[in-house]
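The following report concerns strand pairing and salt bridges in one protein chain. Please consult the sequence and the structure shown here while reading.

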Amino acid sequence: MDLKPQEISALIKERIKHYEDKIEADDIGRVITVGDGIALAQGLDKAMASELVEFEDGTMGMILNLEEESVGIVILGSDKNIKEGQSVKRTKQIAEVKVGEELLGRVVNALGEPIDGLGPITSDKYRPIERVAPGVMTRKSVHQPLMTGLKVIDSMIPIGKGQRELIIGDRQTGKTAIAIDTILNQRGQNVRCIYVAIGQKASTVAQLVEKLKQGGAMEYTTVVVATASESAPMQYIAPYAGCAIGEEWMENGKDVLIVYDDLSKHAVAYRAMSLLLRRPPGREAYPGDVFYLHSRLLERACKLNDELGAGSLTALPIIETQAGDISAYIPTNVISITDGQLFLQTEMFNAGNRPAVDPGLSVSRVGSAAQTKAMKAVAKSLKLELAQYNELLSFTQFGSDLDPVTQKTIDHGARLQAILKQPQYSPLTMPLQVVSIYAVENGFMDKIDVEQISDFEKALHRDMQAKHADLLNAIEEKGALDDTLIEGLKAGITESLNDYLMINGAQ
């Protein structure tokens with residue numbers, strides 16, 4: 001086919017007229033300086049905050065600082081192949097992570113990439129790691145219990161679905177143990193779990209994943225890991241990535257539990273990044289927006305209303321204190337954001353009272369609204385009695401002669417303290433917790449030595465499960481105690497107590 005020159009000219013003019021420049025000049029910049037996981041680049045005039053960029057060697061980065069002449073980029077990976085003068089390209093994508101059912105049972109890094117050797121994650125759904133928290137009108141008040149399986153928490157400092165309950169204490173006081181027991185206790189409860197490990201040793205995380213596998217918890221759990229050996233930017237985005245994974249399930253009407261272990265290391269990673277980005281330091285060398293760092297993360301935990309599917313995201317952030325100092329900057333920040341705290345005491349932990357939750361300093365601001373009626377009924381005076389016991393215990397150090405009433409209060413308090421002890425990785429169902437607390441509160445254990453209480457409790461649980469399973473099921477279903485159930489409880493506990501005393505008397 002012959003084309004005339006005029007036709008060719010018209011065709012070229014038409015093409016030029018409708019030609020769209022796919023790569024604009026301000027989509028590619030140049031690296032000015034690089035080092036310590038931070039790069040400064042010029043020429044990215046249309047860049048957005050939290051936008052992903054790609055360096056020449058394929059390494060990804062995330063824009064955090066938007067200056068007049070340059071942008072500050074945190075490098076998500078190694079910076080050893082990035083040199084000054086190299087090009088850096090905009091992706092026009094805000095940092096996002098893979099979400100969906102395919103993440104259940106998987107261990108992923110902060111970018112949502114699998115690191116468990118079980119092959120790629122097939123999901124094609126993505127969510128931005130940062131998003132605005134649900135508004136007040138989209139939320140519903142906390143009214144369903146999220147059982148931890150730990151007597152000391154479920155009885156006195158209950159947690160509800162959609163709550164944010166801080167776990168705070170010195171290192172080596174069992175903070176992670178509480179979180180892991182809570183995850184193990186969600187088996188069969190239709191609650192998805194996410195565990196975010198920030199700045200921990202890879203070996204510690206591996207042991208933890210193994211423990212979750214042994215407890216059958218990995219089938220409903222996702223583990224997001226940014227270990228201590230990874231860069232500060234990876235540790236910074238890990239909790240937001242975990243939250244985005246959980247929000248996908250929450251918005252589909254599911255209940256989700258997320259553990260951030262721990263936000264102290266998260267704040268340190270953010271401080272390191274901010275100082276390298278030349279952001280001005282403030283109190284304790286943290287930048288001024290460090291409160292916003294955690295508030296915009298924890299505010300995303302909520303219970304959605306029925307129109308939006310009634311899903312929930314419950315957050316258990318962990319904060320490590322130095323020598324019990326809860327008045328430090330980061331602890332006070334997170335205490336003011338959350339709906340209560342579980343305060344773990346080093347002295348209690350070392351004395352063998354584990355979990356070492358201090359009922360005097362711990363509080364749940366909304367969980368009691370979600371507590372089951374059965375638990376409320378048996379544990380209503382527990383906190384007060386323990387407070388009296390601790391008060392009298394310190395008083396008895398000054399004298400040995402005690403009147404019968406004081407002695408009785410101390411004996412009862414010692415038994416309460418003993419019944420609240422619980423070994424790690426052995427969460428209890430709500431009915432069994434009710435049985436234990438009812439037995440001690442109603443004087444059934446007065447005939448048993450304090451040292452034998454743990455042993456008797458095991459025997460009591462075995463008997464109740466073997467002979468009175470229907471009673472336990474009825475407590476679970478009703479969630480409250482009526483006269484018939486109370487009579488059944490009394491009969492079952494008395495029978496078990498008599499058997500135990502007879503056997504131990506024979507010994």
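## The Lys478–Asp482 salt bridge

Lys478 and Asp482 form a salt bridge in which the closest N and O atoms are 2.7 Å apart. This description rests on a predicted model. Lys478 is exposed, because its relative accessible area of 53% lies above the cut-off, exposed being over 50%. Asp482, with a relative accessible area of 27%, is partly exposed.

## A network of shared partners

Elsewhere, Lys125, Arg127, Arg131, Glu248 and Glu251 are joined into one network by salt bridges that share partners. Within the structure, the salt bridges number 22.

One of these pairs is Glu251 with Arg127, whose closest N and O atoms are 3.2 Å apart. Glu251 is located in the loop between helix 5 (232-250) and strand 13 (255-261), whereas Arg127 belongs to strand 9 (residues 125-128); the pair therefore ties together parts that are 124 residues apart in sequence. Arg127 is buried, with a relative accessible area of 11%, while Glu251 counts as partly exposed at 33% relative accessibility.

## A salt bridge between two loops

Asp339 forms a salt bridge with Arg164, and the closest N and O atoms of this pair are 2.7 Å apart. Asp339 sits in the loop between helix 8 (329-337) and strand 15 (340-344), and Arg164 in the loop between helix 2 (151-156) and strand 10 (166-169), so this contact ties together parts that are 175 residues apart in sequence.

Are the two partners, Asp339 and Arg164, buried or exposed? Asp339 and Arg164 are both buried; each therefore has a relative accessible area under 20%.

## Strand pairing around strand 6

Which strands pair with strand 6? Among them is strand 1 (residues 28-35), which runs antiparallel to strand 6 (residues 87-94) and is joined to it by 3 bridges. In this pairing, Ile28 stands opposite Lys89 of strand 6.

Strand 3 (residues 51-55) is also antiparallel to strand 6, and 5 bridges join these two strands. Here Glu51 has Ile94 of strand 6 as its bridge partner. Strand 6 is thus bridged to strand 1 and to strand 3.

## Summary of the contacts

Two of the salt bridges described above tie together parts of the chain that are separated in sequence: Glu251 with Arg127, 124 residues apart, and Asp339 with Arg164, 175 residues apart. Of the residues in these pairs, Arg127 is buried, as are Asp339 and Arg164, whereas Glu251 is partly exposed.

Technical notes. Residues numbered from 1 in each chain as written. Predicted model: local features only at pLDDT ≥ 70, side-chain atom pairs only at ≥ 80, totals over all residues. Heavy atoms only, no water. Pairing = 2+ DSSP bridges. Helix = DSSP H or I, 4+ residues; strand = E, 2+ residues; numbered from the N terminus. Salt bridge = Lys/Arg side-chain N within 4 Å of Asp/Glu carboxyl O. Buried < 20%, exposed > 50% of the residue type's maximum accessible area, 1.4 Å probe, protein only.
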